[in-house]
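Trainee: I have a new file open and would like to go through it with you.
Mentor: Fine. Put it up and ask as we go.

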There are 2 protein chains.
Amino acid sequence: MHAKLIAYISQYANLPLTSEEQALIVATFQPKKLRKKQYFLQEGDVCKHAGFIVKGAMRQYSVDEKGAEHIVHLFIENYWANDRESSTMLTPSKYNIDAWEDTELLIITRAEMLDLMDKIPAMAQMIRLMDERNAIASQRRLSSTISNTAEKRYEEFAAHHQQFIQRFPQHIIASFLGITKETLSRIRKQGTK
Amino acid sequence: MHAKLIAYISQYANLPLTSEEQALIVATFQPKKLRKKQYFLQEGDVCKHAGFIVKGAMRQYSVDEKGAEHIVHLFIENYWANDRESSTMLTPSKYNIDAWEDTELLIITRAEMLDLMDKIPAMAQMIRLMDERNAIASQRRLSSTISNTAEKRYEEFAAHHQQFIQRFPQHIIASFLGITKETLSRIRKQGTK
DNA sequence: AGAAACCGTTGACAAATGTCAACGGTTTTT
DNA sequence: AAAAACCGTTGACATTTGTCAACGGTTTCT
């Protein structure tokens with residue numbers, strides 16, 4: 001179960017992991033299974049764990065006064081599920097994270113992660129790289145959101161995230177893009193003409 | 001001129017800087033002055049420097065096919081101006097960054113920054129913290145953009161960023177929020193009733 | 001001092017997107 | 001096997017936001 005994580009770290013750190021380091025990683029990350037619809041994090045709770053997704057699909061969303069869900073992140077294999085604001089500030093989360101498919105995770109607390117980053121150079125490097133990529137991806141998404149029409153946003157997203165399109169239903173994708181499912185349905189219809 | 005940067009690093013790293021470290025910082029960061037409207041980065045160029053703003057105000061924006069500007073970031077004192085995607089991937093930037101007021105910067109290349117992070121623990125720590133904060137801020141902005149109406153976005157922004165409201169004209173704020181200046185004008189009028 | 005550029009506002013209208021209700025076809029649950 | 005929940009689509013209509021043109025009051029440039 002930890003093999004996928006080890007491979008992930010080695011790949012992104014571009015550094016080999018010693019067998020001691022690997023043992024430490026295996027000892028620290030705890031396996032966790034979630035059935036579809038189970039919560040990984042609930043609004044109001046402090047986010048105690050980050051989770052590396054070995055298998056499955058999850059979503060992160062807020063719920064507004066009217067009960068409508070607004071999806072802020074989608075996760076599949078090799079993604080990290082986490083509410084960073086809550087876990088670093090130790091404040092109650094504004095978001096829910098739940099499993100969209102049955103999901104297998106490897107979870108770790110913030111303190112454990114800091115410890116591992118200290119002891120394992122490859123881990124620190126991998127995290128730095130993830131932060132970098134994450135910052136770039138956020139920037140792109142933000143830029144697309146404020147600059148483009150719903151149609152262009154969808155096309156851009158579909159072009160680069162085929163995986164998500166296949167595994168999440170349209171109303172989830174629509175919410176992720178900040179539009180309603182009806183609007184997305186009409187955009188797609190028109191796009192295929 | 002470097003004093004403000006030294007103070008900034010000490011504050012966010014929560015570690016004192018030795019005088020050798022301070023000397024290294026002073027030797028590495030180059031002062032640069034920009035007159036209002038001068039470019040710090042132009043679309044198509046690779047972003048070679050990150051700039052710490054000692055004094056002044058800047059904006060980062062893309063220009064679409066119709067010539068319309070879309071403002072993705074606003075910067076004032078104690079902010080870092082940089083196109084991360086371009087500077088880390090070494091790709092041509094999709095953005096312009098220019099001075100909105102006469103501005104004084106301390107600039108540094110990516111290679112120099114990596115070197116400083118290696119040699120000065122406080123620098124590495126400060127950067128980590130900035131990444132963290134940046135990630136949280138991006139998340140909030142994104143969440144607000146996809147969940148809220150233009151009116152709520154403006155109110156939220158105005159409540160937390162009084163400084164920007166005061167120093168940038170309304171059409172810049174509007175673009176930053178992803179709406180037109182006319183819409184913002186109407187929102188404000190209605191909001192004061 | 002005069003000209004030009006910039007800025008915010010307003011009106012009339014157009015376009016994009018949301019809301020609500022309904023439907024038929026799945027898939028899931030019981 | 002029946003019932004319930006889920007999913008995507010469509011139509012009619014409402015709301016939000018954008019577009020274009022114009023204006024008067026700055027500020028900036030020369």
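Trainee: Which elements each supply at least two residues of the surface near DNA strand D?
Mentor: They are α8 and α9 of chain A together with α6 (150–160) and α9 of chain B. Helices (H or I, at least four residues) and strands (E, at least two) are DSSP runs, numbered from the N terminus. A residue is near a molecule or strand if its C-beta atom, placed from the backbone, lies within 6 Å of it.

Trainee: Before I go on, what sort of model is this, and how is it numbered?
Mentor: It is a predicted model, in which local features need pLDDT of at least 70, side-chain atom pairs count only at pLDDT 80 or more, and totals for chains, interfaces and linings use all residues. Residues are numbered from 1 along each chain as its sequence is written, while chains are lettered from A and ligands numbered from 1 in the order in which they are written.

Trainee: Back to strand D: which element gives the most there?
Mentor: α9(A), with five residues. Of the 15 residues around DNA strand D, P169(A), Q170(A), S185(A), A150(B) and T183(B) come nearest.

Trainee: And which residues come nearest to DNA strand C?
Mentor: A150(A), I179(A), T183(A), P169(B) and S185(B), out of 15 around that strand. For DNA strand C, two or more residues each come from α6 and α9 of chain A and from α8 and α9 of chain B. The largest share, five residues, is from α9(B).

Trainee: How do the residues near strand C divide by type?
Mentor: Three are nonpolar, six polar and six charged. Here Ala, Val, Leu, Ile, Met, Phe, Trp, Tyr, Cys and Pro count as nonpolar, Asp, Glu, Lys and Arg as charged, and the others, Gly among them, as polar.

Trainee: New topic. How many residues of chain B are in contact with chain A?
Mentor: 21 residues of chain B, with 21 residues of chain A; contact means that the C-beta atoms, placed from the backbone, lie within 7 Å. On the chain B side, α5(B) gives the most, with 13 residues.

Trainee: What turn lays chain B on chain A?
Mentor: A turn of 180 degrees, with a shift of 0.0 Å along the axis and an RMSD of 0.0 Å. The superposition is by least squares on the C-alpha atoms of residues with pLDDT of at least 70 in both. That is the relation of a two-fold axis. The same surface serves both copies: 100% of the contact residues of chain B recur in chain A.

Trainee: Last one: what follows α8(A)?
Mentor: G178(A), with a positive phi near 85 degrees.

Technical notes. Contact = placed C-beta atoms within 7 Å.
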